[in-house]
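Biologist: Could you take one part of this model and walk me through it slowly? I'd like the salt bridges around a single acidic side chain, and then how the surroundings are put together.

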Amino acid sequence: RRGSQMPANVEIKARVRDLAQLTNNAERLSGSPGSVIRQTDTFFSVPHGRLKLRDFQDGRGQLIFYDRPDMEGPKLSHYTISPTEDPAGLLAVLSQALGVRGVVKKERRLYMVGQTRVHVDRVEGLGDFMELEVVLEDRQSLQEGERLAQQLMAELGVDKSDLLTGAYLDLLAREASHA
């Protein structure tokens, strides 16, 4: 038992080598073609964790706070989400109050496989990635979530050598510093 009030999930992020193979495997495992979601995530300067405003480009958005370690492989992430019908107004207020750390634009294809969200992301300025989010149920342990994530990673054909640490924001910052 996790003993936390915040919802939690186990996350894995990896670079995609073969987009067609990954997409075929995700469609087969989920039994669906997935749904396409366009997102702009604006990250704000906060003393700990990460705070981002996700704009779905349709008048809806979410303010998301999360905290997770930056390490390779499965990691536990605690998060809180608040929906908003005014992402533009919230962006203006939070930008003034906190300052913006960076912006990530992506097109996400979402597949549901059991309790796991499989994201196939095309990130502007970075390329193609895959994220797994095993949404832990109340009585599930971190170890059980990690086992599910590792199993699904293998079924999707994702190699351990492609695993990444950090958020897309961190990868964009690294790319910019090498430019």
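Modeller: Here is the acidic residue with its partners, followed by the strands and the helix around them. Keep in mind that this is a predicted model.

Let's start with Asp-41. Its side chain meets that of Arg-54 in a salt bridge, with N and O 2.8 Å apart. The two residues sit in distant parts of the chain, Asp-41 in strand 2 and Arg-54 in strand 3, 13 residues apart. Asp-41 also forms a salt bridge with Lys-52, where the closest N and O atoms are 3.7 Å apart. The cut-off for a salt bridge here is 4 Å, so the 3.7 Å pair counts because it falls within that limit. Asp-41 belongs to strand 2 (residues 35-44) and Lys-52 to strand 3 (residues 50-55), so this pair ties together parts that are 11 residues apart in sequence.

Are these partners buried or exposed? Both Asp-41 and Lys-52 are buried. For Asp-41 the relative accessibility is 1%, and Arg-54 is buried too, with a relative accessible area of 9%. The limit for calling a residue buried is under 20%, so both of those values qualify.

For contrast, take the pair Arg-60 and Asp-58. They form a salt bridge as well, with their closest N and O atoms 3.0 Å apart. Arg-60, however, is partly exposed at 40% relative accessible area, and Asp-58 is partly exposed at 45%. Elsewhere, salt bridges with shared partners join Lys-13, Arg-108, Asp-121 and Glu-131 into one network. A search over the whole structure turns up 12 salt bridges.

Now for the strands. Eight of them, that is 8 strands, close into a barrel with antiparallel pairing, in the order 1-5-4-3-2-6-7-8. On average, neighbouring strands of this sheet are turned by 35° against each other, ignoring direction. Strand 3, which carries Lys-52, is joined to strand 4 (residues 61-67) by 6 bridges, and the two run antiparallel. Arg-54 shows up again here: its bridge partner in strand 4 is Gln-62.

Following the order onward, strand 4 and strand 5 pair in the antiparallel sense over 7 bridges. Phe-65 stands opposite Thr-80 of strand 5. Strand 5 (residues 75-84) is in turn joined by 4 bridges to strand 1 (residues 8-15), again running antiparallel. Val-10 stands opposite Leu-76 in strand 5.

Last comes the helix side of things. Helix 1 (residues 19-30) packs with helix 3 (residues 142-156) at an angle of about 120°, their axes being 9 Å apart. That makes helix 1 oblique to helix 3. On the helix 1 side the contact is made by Gln-21, Leu-22, Asn-25, Ala-26, Arg-28 and Leu-29, and on the helix 3 side by Leu-152, Glu-155 and Leu-156. Sorted by class, this contact of helix 1 with helix 3 has 5 nonpolar, 2 polar and 2 charged residues.

To come back to your acidic side chain: Asp-41 is buried, and its salt bridges go to Arg-54 and to Lys-52.

Technical notes:
Residues numbered from 1 in each chain as written. Predicted model: local features only at pLDDT ≥ 70, side-chain atom pairs only at ≥ 80, totals over all residues. Heavy atoms only, no water. Buried < 20%, exposed > 50% of the residue type's maximum accessible area, 1.4 Å probe, protein only. Axes fitted to C-alpha atoms, helices over the stretch in contact; angles between N-to-C directions. Parallel < 35°, antiparallel > 145°, perpendicular 65-115°, else oblique. Contact = heavy atoms within 4.5 Å. Nonpolar A, V, L, I, M, F, W, Y, C, P; charged D, E, K, R; others polar. Pairing = 2+ DSSP bridges.
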